[in-house]
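Colleague: I would like to learn how to read ligand sites, cavities and pockets in a model. Take me through them one by one.

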Amino acid sequence: MADMTDSANSVRPGTNGGDAAPRHDWSTDEILTILHKPLSELVYEAQSVHRRFHEEGTVQLASLLSIKTGACPEDCKYCPQSAHYANETGLERETLLDVDTVLAKARLAKDAGATRFCMGAAWREVREGAEFDQVLDMVRGVSSLGMEACVTLGMLNQEQADRLAEAGLNSYNHNLDTSPDFYGKVITTRTYQDRLDTIACVRNAGIKVCCGGIIGMGESERDRAGMLQVLAAMDPHPESVPINALVPVPGTPLEACEPVDPLEMVRMIATARIIMPQSRVRLSAGRTEFSRETQLLCLLAGANSIFYGEKLLTTANPDTADDIALIQEAGLRVLGGAANEA
Ligand code: SAM
Ligand code: DTB
Ligand code: SF4
């Protein structure tokens, strides 16, 4: 195998050298070596891979909507929607939104330039019944608007994934969140293997996989590399890899975590780009704490999507006009075109 410590000079980074097939055998040590490269080299390498695999220079705008908020039985320590911390966070629970409300939001997002609409439910898992049928209608409605429909509904089984595929779902978001080693410090109510099993059902149903994680929860750099190792071992790689910086919500057990060093976010994005060259790398939660310049660096280091709209699921996100200006300042274009004239 090639010595990947000098991959920029020896082989096409992220691939098996001469051919363009992405690699799935990255070791955690190799990934750690990339994460630790001198920043100028790391960003150069990531930008080179990015240009080779994503010639068009576009950024996808994905809008998010929480279709069912709060009261989630899981204990994810970062999450304001967990019922375990509801007394401390004070987040109001809401029942599932109706289909018309969701489709009206999707239309607004489309008019503002988004080409992907992601709907999130604070569920531990999907359960058959009227609520799931309602979500299937939302998926049908969003796809019929010509947008990529994405949902994140917790765990699911094969039959449920097949029904989502039939309804026209483009992607299912289910994150690993962190490395297998650190995972138990963040979540105890579902296992890492549960997550991998859900992702396998999504893949088997022919739905695109959106899978990434969070940095800034107290994990080590080896944990960050370990999470990327599991993602890159997936064959094919997840089509979409969201990298979130922890939003430390007051009342959650992780409220006092140190803010993520902006350059660590750049490093994480650049490394994801290098080892998963064809994936869409999403600069996700945490942008309100990052300067314009940090976000520009992330775009230069290979991020080619952002969440767009005033809200993520329950927390704030930058202004849409600022985001369009940011993309223009980077010399990039919005995927799909609608927002480029704004
Ligand atoms: N309940 C579903 C699940 O866990 O798969 C879907 C919704 S959940 C909110 C989706 C993802 O959002 C989580 O896996 C996590 O990576 C991310 N997330 C949640 N709270 C966050 C926070 N405070 N900061 C950064 N990312 C967060
Ligand atoms: C993902 O990786 N990040 C998004 C999306 N997938 C669903 C969610 C971020 C949530 C941030 C906390 C909140 O707004 O509640
Ligand atoms: Fe529930 Fe998802 Fe939040 Fe975990 S991340 S508490 S599963 S909504």
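Colleague: How many residues surround ligand 1, and which are the closest?

Modeller: A residue is near a molecule if one of its heavy atoms lies within 4 Å of it. Here 16 residues surround ligand 1. The closest are Tyr 78, Thr 152, Asn 175, Asp 177 and Val 247. This is a predicted model: local features need pLDDT of at least 70, side-chain atom pairs count only at pLDDT 80 or more, and totals for chains, interfaces and linings use all residues. Residues are numbered from 1 along each chain as its sequence is written, chains are lettered from A and ligands numbered from 1 in the order in which they are written, and side-chain values use heavy atoms, with hydrogens and water left out.

Colleague: Which atoms of ligand 1 pair with Tyr 78, Asp 177 and Val 247?

Modeller: Look for polar contacts. A polar contact is a pair of N or O atoms within 3.5 Å; within protein, one must be able to donate a hydrogen and the other to accept it, and residues adjacent in sequence count only if both atoms are side-chain atoms. A nitrogen atom of ligand 1 lies 3.0 Å from a backbone N or O atom of Tyr 78. For Val 247, a backbone N or O atom lies 2.9 Å from a nitrogen atom of the ligand. Asp 177 uses its side chain: an N or O atom there is 2.7 Å from an oxygen atom of ligand 1. On its own, ligand 1 exposes 560 Å², and the protein buries 91% of that. Such areas come from the Shrake-Rupley method with a 1.4 Å probe; for residues, only the protein chains shown count as cover.

Colleague: How does the shell around ligand 1 divide by class?

Modeller: Ala, Val, Leu, Ile, Met, Phe, Trp, Tyr, Cys and Pro count as nonpolar, Asp, Glu, Lys and Arg as charged, and the others, Gly among them, as polar. The shell around ligand 1 has 9 nonpolar, 5 polar and 2 charged residues.

Colleague: What surrounds ligand 2?

Modeller: Its shell includes Thr 152, Asn 173, Asn 175, Leu 313 and Thr 315. A polar side-chain atom of Asn 173 lies 3.2 Å from a nitrogen atom of ligand 2. Two oxygen contacts follow. A backbone N or O atom of Leu 313 lies 3.0 Å from an oxygen atom of ligand 2, and a polar side-chain atom of Thr 315 lies 2.8 Å from an oxygen atom of ligand 2. Alone, ligand 2 has 410 Å² of accessible area, of which the protein covers 87%. By class, the shell has 6 nonpolar, 6 polar and no charged residues.

Colleague: And which residues surround ligand 3?

Modeller: Cys 72, Glu 74, Cys 76, Tyr 78, Cys 79, Ser 82, Ala 122 and Arg 190 surround ligand 3. They divide into 5 nonpolar, 1 polar and 2 charged.

Colleague: How many cavities are there, and where does ligand 1 sit?

Modeller: On a 1 Å grid over the protein atoms alone, a cavity is a set of points where a 1.4 Å probe fits but cannot get out, and a pocket is an open set with protein on both sides within 12 Å along at least five of seven lines; lining residues have an atom within 4 Å of a point. Grid points are joined across faces, edges and corners, and a volume is the space filled by probe spheres set on the points. A molecule sits in one if more than half of its atoms lie within 2 Å of its grid points. The structure holds 3 cavities of 30 Å³ or more. The largest has about 860 Å³ of space. Its lining has 39 residues, with Tyr 78, Cys 79, Asn 173, Asn 175 and Leu 313 closest to the centre. Ligand 1 takes space in this largest cavity. Ligand 2 sits there, and the space taken by ligand 3 is the largest cavity too.

Colleague: Which strand gives the largest share of that lining?

Modeller: Strands are DSSP runs (E, at least two residues), as are helices (H or I, at least four), numbered from the N terminus. S2 gives the largest share, 4 residues. Strands S2 (116-121), S3 (148-152) and S7 (240-245) each supply at least two.

Colleague: What lines the largest pocket?

Modeller: It has 22 lining residues, with Leu 64, Leu 65, Lys 105, Glu 310 and Lys 311 nearest its centre. The volume of the largest pocket is about 490 Å³. S1 gives the most to the lining, with 4 residues.
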